[in-house]
Amino acid sequence: MVFVMFCLSIQNVSEESYFSYVHLLFVAKCVDIALSSCTDVAYTQMVYPNFLDQKSREVIEYSSEYLLISVLHNLLQGECNPDLRLLGCSVLAPQCEKDKAIKPCRHVCENLKKNCLPAFDAIDMAWPYFLDCDRFFAGQEEGCFDPLAKLRGEVDAEEDLPSDLPATFIQFKHHSYSQMVSTLKKTASKCSHIATTYSIGRSFEGKDLFVIEFSTKPGHHELLKPEFKYIGNMHGNEVVGKELLIYLAQYLCSEYLLGNPRIQTLINNTRIHLLPSLNPDGYELAAEEGAGYNGWVIGRQTAQNLDLNRNFPDLTSEAYRRAGIRGARLDHIPIPQSYWWGKVAPETKAVMKWLRSIPFVLSASLHGGELVVTYPYDYSRHPMEEKMFSPTPDEKVFKMLAKAYADAHPVISDRSELRCGGNFVKRGGIINGAEWYSFTGGMADFNYLHTNCFEVTIEVGCEKFPLEEELFTIWHENKGALLNYMEMVHRGIKGIVSDKFGNPIKNARISVRGIQHDVTTAADGDYWRLLPTGTFIISAQAPGYSRVMKRVTIPAGMKQAGRVDFVLRPAEAWPSKLLRRSMEDAHDPHDPLELFDPHAQHRQPEARGGSPGREKPWWWSYFSSLDLHKPLWLLKQR
């Protein structure tokens, strides 16, 4: 009877699959996973033979399929890692329960294939046959499992708190990665009409770089509404910024619901993005040491041993080179091709792509180890000078922004020199970055020189990984300053640049006389220009249009951006010099960053196979040890 029922259940499968399933049904037995590349999967037992009918550990380890998943993180330079490896493990080392193999979910495979095909195309590699979503994966109705759930923080999430807690309750604790994700998702769900979560990409070890956003229209840019961001935990062992942003997200949600007028005004007029942890891999390493015991090095860098705040393109050197050239631009400087020859972290790429996708106006990165606010440039005008005042053209704006945080912080504004950050008391708790210490490849300089965004660095305390009992005090010391700094995004002017028919003009340039740094309009023609108190000559220009100039006065105490619109009229002849300047810094269409886009439209995969006589791609050498089992299925057919 059992055999008859089995025959009925597989009557539509092929003869080859029939014998594989018979073998699995009558011989399979759960065993502990011993494959070194699959030891971090979310389950502990697998089954032999696997879905490729590989019957032992030795056969799997010497296979081209296993070698591929072991080296993919190198071949793809960290992209889609470790997602593809874990997906491959779900086929090569299938999850076993009660001596039965469980298939991975088809929708997970399809989503990953959609997002990762550009990375394969970039190295001229075909999609692996054993990741065929129809052949080796199952639908949810068939009882599949998600091999990537652990990466999304869906495993080992924090325990539910009592339901009778007040709406303003914040748990002042250190959050693991999964607890952070759970808290952000719960907060967004609680305030779903003004909040949402999204990921800007993945860390090297595959953790989502989660952002929680607050806006009256979550997920969308709104005309004339400025975009603001906070980034925390860039250095994995500097954890206070991460916790502050988790607490801030909960505070914004609960206070908005309670009708706090300051918070409602802020969210109703600003689109706010909070990225608590840019380096979750480093954080995990630092957390192993424990709060209060972590030193100044462990966990600072990424899983690739990269310091993210030294990993961005050095555009500051180019800005210094241009500074002496009459009419040269010190803004929207392109990324040099030589930058891509080095090791670029996927976390760094994710931030750069994020900056291009959203017209950010103001930002701050939260660090630890001191108590001071620093501002660009972070790299000295003279490379041999380690401590040299090196201002940007917007020195007055950056000092205004830095003081907005420092003056609202009760400890930073304390005049005592016998405290954390006491060395900066005479400077008002702020300092030019390069004057403190010079370094290249910083994120703040990159924001300013490549985009419209102004960013400062906030050192939020002398302890990088404080004890949990200190977190409540740290939150109350920083809460007002965090809010005050966000409100600075509304200083200066804003407006729309359009033609005489009312059509918005994208990438029009907004210039301020006397400041050698322009901003550009977003897709809808809107712009924001941070400025201090004073009178300015503002001009707007775009290729093919005549320049328009206006005199603007920003009175002292003005806390909302003044509205200054421009209507441009066609020019009879566009000056070739200005046209050349407008085009020279456009994004390179072959910029490698363009390939790092999880939302791009992807080409259909080419057929497997390949001509044996043609030259093999560079990555073929990785499989040179496989004499008779080289993966010809990775070669694209011409």
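**Exercise 1. Helices on the sheet**

Which strands does helix H16 (residues 471–487) lie across, and at about what angle does the helix run to S7?

*Solution.* The model is a predicted one.
- Step 1: find the strands. H16 lies across S7, strand S8 (271–275), S9 and S12.
- Step 2: take the angle. H16 runs at about 145° to S7.
- Step 3: turn to helix H15 (residues 443–450). H15 lies across strand S7 (227–232), strand S9 (360–367) and strand S12 (454–461). Its angle to S12 is about 160°.

**Exercise 2. The sheet of 8 strands**

Give the strand order of the open sheet of 8 strands, and name its edges.

*Solution.*
- Step 1: write the order. It is S5-S6-S8-S7-S9-S12-S10-S11, and the pairing is mixed.
- Step 2: read the ends. Strand S5 (195–202) and strand S11 (430–432) are the edge strands, each pairing on one side only.
- Step 3: add the twist. Neighbouring strands of this sheet are turned by 25° against each other on average, direction ignored.
- Step 4: look at the S5 end. S5 is joined to strand S6 (residues 208–214) by 6 bridges, and the two run antiparallel. Ser-199 has Phe-210 in S6 as its bridge partner.

**Exercise 3. Strand S10**

Explain why strand S10 (residues 370–375) is described as largely enclosed, then place the strand between its partners.

*Solution.*
- Step 1: count buried residues. In S10, 6 of the 6 residues are buried, so the strand is largely enclosed by the rest of the structure.
- Step 2: recall the rule. Side chains of a regular strand alternate between the two faces of the sheet.
- Step 3: split the strand by face. One side of S10 carries Glu-370, Val-372 and Thr-374; the other carries Leu-371, Val-373 and Tyr-375. Both faces are covered.
- Step 4: pair with S12. S10 and S12 run antiparallel, joined by 5 bridges. Glu-370 has Gly-461 in S12 as its bridge partner.
- Step 5: pair with S11. S10 and S11 run parallel, joined by 3 bridges. Thr-374 stands opposite Ile-431 in S11.

**Exercise 4. H13 against H16**

Describe the packing of helix H13 (residues 395–406) on H16.

*Solution.*
- Step 1: get distance and angle. The axes of H13 and H16 come within 7 Å and cross at roughly 150°.
- Step 2: classify. Angles over 145 degrees count as roughly antiparallel, so H13 is roughly antiparallel to H16.
- Step 3: list the contact. H13 contributes Leu-401, Ala-404 and Tyr-405. H16 contributes Asn-478, Ala-481, Leu-482, Asn-484 and Tyr-485.
- Step 4: sort by character. The contact residues divide into 6 nonpolar, 2 polar and no charged.

**Exercise 5. Asn-478**

Is Asn-478 buried or exposed? Trace its contacts too.

*Solution.*
- Step 1: check accessibility. Asn-478, in helix H16, has 1% relative accessibility and therefore counts as buried.
- Step 2: follow the side chain. A polar contact of 2.8 Å joins it to the side chain of Tyr-405. The side chain of Asn-478 also reaches the backbone oxygen of Ile-474 at 2.9 Å.
- Step 3: list the neighbours. Not counting residues up to four places away in sequence, Asn-478 touches Leu-244, Tyr-405, His-409 and Val-460.

**Exercise 6. The sheet of 4 strands**

Lay out the open sheet of 4 strands.

*Solution.*
- Step 1: the order is S15-S14-S17-S18, with antiparallel pairing.
- Step 2: strand S15 (515–520) and strand S18 (548–554) stand at the edges. Each has a single partner strand, so one side of each is left without a neighbour in the sheet.
- Step 3: the twist averages 25° from one strand to the next.
- Step 4: strand S14 (residues 509–512) pairs with strand S17 (residues 534–541) over 4 bridges. Ser-511 stands opposite Ser-539 in S17.

Conventions:
Residues numbered from 1 in each chain as written. Predicted model: local features only at pLDDT ≥ 70, side-chain atom pairs only at ≥ 80, totals over all residues. Heavy atoms only, no water. Pairing = 2+ DSSP bridges. Axes fitted to C-alpha atoms, helices over the stretch in contact; angles between N-to-C directions. Contact = heavy atoms within 4.5 Å. Parallel < 35°, antiparallel > 145°, perpendicular 65-115°, else oblique. Nonpolar A, V, L, I, M, F, W, Y, C, P; charged D, E, K, R; others polar. Buried < 20%, exposed > 50% of the residue type's maximum accessible area, 1.4 Å probe, protein only. Polar contact = N/O pair within 3.5 Å; in protein donor to acceptor, adjacent residues only side chain to side chain.
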